[in-house]
Amino acid sequence: MAKPTMPIKATWSQIATTKDDLSRSHHTVTVVGSRAYIFGGWTNGARLASADLHSIFLGNSTTEADAPEYQVLPAISANEGGPIPSARHSHAACALGKNIAIYGGCAEDGSLVDDGYRIWTYHTEKLMWDRIEPTSHPERTPPPRSEAKLFQHNGNLILYGGKGSGGSALVDAWHFDCSTKVWNQLPSAPAASTSAALFGDILYVISGSDDLSSRIHILEVKLYSQQPLTWKTLSFPTNPLTPGPRPRENGGLAPVTTGYGRNYLLYFLGDRHDSTSKVGHGESASAENAAPAQWSDMWTFQLPSSDVEFKATTTAAEAIKPAKIKDQIRTKLGADTGNASWAEAEVQPPGDIQKHEGKLHPGPRSHFGYCQTVDGRSVVIWGGLDAKGQQQGDGWIVQLH
């Protein structure tokens, strides 16, 4: 009861490495079940990846003993002779049930892809592409964009931010009802950012413009509330005297849990905020053009602990949330629960370091694909740009404990 909840320990495990077509950046990674699906992006030599999906098996489930560890899934339409998504980079993706939803992005020449507001879906069991077309209110649809964030919310979708035509930063947020196939606009965020995550009904956006402080913006998505939806903003220091992550772009922000109802946002890697030092995909750094400064650290932001759940399929161990009980007791005793506070994660070596081969940490990088695992305890990342602006072809899982 007296032990603080942070700092959290984190362990990196390398799951694969390659130098072929899977060396890429500006792509997406989406976890559905026990597989991670890689789509789009730039490959080595500044080449745009094809519209094929790459599937990597993550688990050791005995029920999937015959599952191939790696598959290339060619782009096939659900309707004979029907359309498939064009090759793209800087798009948004998320899991939607057993499907993968894809939205927006850029073509090879840098122009925004023209999808006509449709959402592409890939069925991971049928291994085919389909699309969702808005059926009404065409005037109420988000403008085309790249580098947006897409999230599944109660079987529907939430879209945030990105870059519009001409590279203008967007701060708008949208909700797409997959049943009625209608877009509805949510309140725009107070700031543009490449760092956004959804946990439960809460959309989090982190922004910062200097090394002294940053902000986390919070929107509770209650679509049928009688009260208007509004953003709340919390400022936090990032100076050397106070724990807190320095501003970054093109890194990772994902919700994770350590079990027992304890939840966090994991904020990791990415470019330093000074945009003048960045190197684009496929560019090499030189003495005259210094390599982009990137972060290799990880930080956790503690979220409110989960409430007790009552579900027919939930075991007692899953239903009872000791973190909630602990926080209530510490609050009554006047002790700090750690809620809404930052701490740098303590990176631990793998369990059997004597038998470990290869690197122990992905190192500084940005523009990688990442996704939370199904159990919520880990995050999968693939590829990205290293400090020399070169695409990487390795996969990692970081687990908090």
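Arg 118 is a buried residue, its relative accessible area being 17%, and the account of this predicted model starts from the charged contacts in which that residue takes part. With Glu 133, Arg 118 makes a salt bridge in which the closest N and O atoms are 3.0 Å apart. Because Arg 118 sits in the loop between strand E10 (99-103) and strand E11 (119-123), while Glu 133 sits in the loop between strand E12 (128-132) and strand E13 (149-153), the pair ties together parts that are 15 residues apart in sequence. The burial of Arg 118 is not matched by Glu 133, which counts as partly exposed at 30% relative accessibility.

A further pair of contacts centres on Asp 394, a residue that counts as buried at 3% relative accessibility. Its side chain meets that of Lys 359 in a salt bridge with an N to O distance of 3.8 Å. Since Lys 359 belongs to the loop between strand E27 (346-348) and strand E28 (369-372), and Asp 394 belongs to strand E30 (residues 391-400), this contact ties together parts that are 35 residues apart in sequence. Lys 359 itself counts as partly exposed, with 38% relative accessibility.

Asp 394 also forms a salt bridge with Arg 365, where the closest N and O atoms are 2.7 Å apart. Arg 365 is placed in the loop between E27 and E28 and Asp 394 in strand E30, so that this pair ties together parts that are 29 residues apart in sequence. Both Asp 394 and Arg 365 are buried. Elsewhere, salt bridges with shared partners join Arg 118, Arg 131 and Glu 133 into one network. The structure holds 11 salt bridges, among them the following.

| Salt bridge | N to O distance |
|---|---|
| Arg 118 and Glu 133 | 3.0 Å |
| Lys 359 and Asp 394 | 3.8 Å |
| Asp 394 and Arg 365 | 2.7 Å |

Turning to the cysteines, the structure holds 0 disulfides. A disulfide is a covalent bond between the sulfur atoms of two cysteines. For Cys 94, the closest cysteine sulfur is that of Cys 371, at 8.5 Å, which is too far for a bond, given that the cut-off for a disulfide is a sulfur pair within 2.5 Å. Cys 94 counts as buried at 8% relative accessibility, and Cys 371 is buried as well, with a relative accessible area of 17%.

Among the strands, E22, E23, E25 and E26 form an open sheet in that order, with antiparallel pairing. Its edge strands are E22 (252-259) and E26 (342-344), each of which pairs on one side only. Neighbouring strands of this sheet are turned against each other by 30° on average, when direction is ignored. Strand E25 (residues 298-302) pairs with E26 in the antiparallel sense over 3 bridges, and the partner that Trp 299 finds in E26 is Glu 344.

As for internal space, a search of the whole structure finds 1 cavity of 30 Å³ or more, and the volume of the largest cavity is about 30 Å³. The residues that line this largest cavity are Ile 15, Val 29, Ala 36, Ile 38, Ile 56, Val 380, Ile 381 and Trp 382. Strand E4 (35-39) and strand E29 (378-385) each supply at least two residues of that lining, with the largest share, 3 residues, coming from E29.

Key: Residues are numbered from 1 along each chain as its sequence is written. This is a predicted model: local features need pLDDT of at least 70, side-chain atom pairs count only at pLDDT 80 or more; totals for chains, interfaces and linings use all residues. Side-chain values use heavy atoms; hydrogens and water are left out. Two strands pair if DSSP finds at least two bridges between them. Helices (H or I, at least four residues) and strands (E, at least two) are DSSP runs, numbered from the N terminus. Axes are lines fitted to C-alpha atoms, for helices over the stretch in contact, and angles run from 0 to 180 degrees between N-to-C directions. Buried means under 20% relative accessible area, exposed over 50%, partly exposed in between (1.4 Å probe, protein chains only). A salt bridge is a side-chain nitrogen of Lys or Arg within 4 Å of a carboxyl oxygen of Asp or Glu. On a 1 Å grid over the protein atoms alone, a cavity is a set of points where a 1.4 Å probe fits but cannot get out, and a pocket is an open set with protein on both sides within 12 Å along at least five of seven lines; lining residues have an atom within 4 Å of a point. Grid points are joined across faces, edges and corners, and a volume is the space filled by probe spheres set on the points.
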